[in-house]
Amino acid sequence: MPTALITGATAGIGAAFARRLAKDGLDLVLVARDGGRLDESADVLGKQYGVGVETLVADLATDEGIAAVEARLGDAGKPVDLLVNNAGFGLKDPFLVVPLADELAMVKLHIEAVLRLTTAALPGMRERGRGYVINVASVAAFVPRGTYGASKAWVVQFSQSVSRDLTGTGVRVLALCPGFTHTEFHQRAQVDMKDVGGWMWLDADRVVDDAMRDLARGRTVSIPSGRYKALVAAARKAPLEALAGLSSRAGRRLDRR
């Protein structure tokens, strides 16, 4: 039975990946900080879909947490066929207002953890001649918007580069770049999203469906929904100064997935 490991697996896009992959018949390794929620999710998914579900409590903003997941990914006796690097968080306030420790934790989680876990997963996948990595980024990767946008831009560039290096190996890497998505993300960041129009919101299950379809097609970047594809295309053509000004006025609302 193929196995998928998902970080940030108990809520939002991570939970949607868990549901979709369990429905597809994959065994799961769920990673998150909250052991209680992990156990609850594992129980529900196992009973509903009849798959094996393993849990791993780990804080990926710490060396200890990253090392624990690296060890699981490197276990040749229990290979992981699909890695979903989904764990992430947002910051409510602008740069220089946010404590430096919080900015560094974001870099640790969004960049170092993604780098190290991808590195841990790929050797076994290459040896087996098959495997998949989905790195969850954001449409914020395409606009100048603080540490969040910069870290997600790194995820996109890293994923595309690694995918190119893996050509012909049977292993694929995809950067998923959703826009505003109905999850707990904004509540946890204590961000008021009432001014964001309803047309801008995506459903987490739809985001995952789009990602899985793009992965099957061999794409390296997935931007769910036509409206966000159009917005990203426009952002790529806009002058940097104008884009930076728009991003600044929108504030950190753009720093969310």
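Colleague: Is the crossing where H1 passes H7 left-handed or right-handed?

Modeller: H1 passes H7 in a right-handed crossing (the near helix is turned clockwise from the far one by less than a right angle; anticlockwise is left-handed). Helices are DSSP runs of H or I, at least four residues, numbered from the N terminus. This is a predicted model: local features need pLDDT of at least 70, side-chain atom pairs 80 or more, while totals for chains, interfaces and linings use all residues. Residues are numbered from 1 along each chain, and side-chain values use heavy atoms, without hydrogens or water.

Colleague: At what angle do the axes of H1 and H7 cross?

Modeller: Axes are lines fitted to C-alpha atoms over the stretch in contact, with angles from 0 to 180 degrees between N-to-C directions. Here H1 (residues 12–23) and H7 (residues 204–216) cross at roughly 60°, their axes coming within 8 Å. The two are therefore oblique (not under 35 degrees, over 145, or 65 to 115).

Colleague: Which residues in H1 meet H7?

Modeller: Contact means heavy atoms within 4.5 Å. Among those in H1 are Ile-13, Phe-17 and Arg-20; H7 offers Val-208, Asp-209 and Met-212, among others. The contact has nine nonpolar, one polar and four charged residues (charged: Asp, Glu, Lys, Arg; nonpolar: Ala, Val, Leu, Ile, Met, Phe, Trp, Tyr, Cys, Pro; polar: the others).

Colleague: How many cavities of 30 Å³ or more are there?

Modeller: Rolling a water-sized probe over the atoms shows where empty space is left. A cavity is a set of 1 Å grid points where a 1.4 Å probe fits but cannot get out; lining residues have an atom within 4 Å of a point. The structure holds one. About 40 Å³ lies in the largest cavity. Helix H4 (residues 100–128) gives the most to its lining, with four residues.

Notes
1 Å grid on protein atoms, 1.4 Å probe; cavity = no way out; pocket = protein on both sides within 12 Å on 5 of 7 lines; lining within 4 Å. Points joined across faces, edges and corners; volume = space filled by probe spheres on them.
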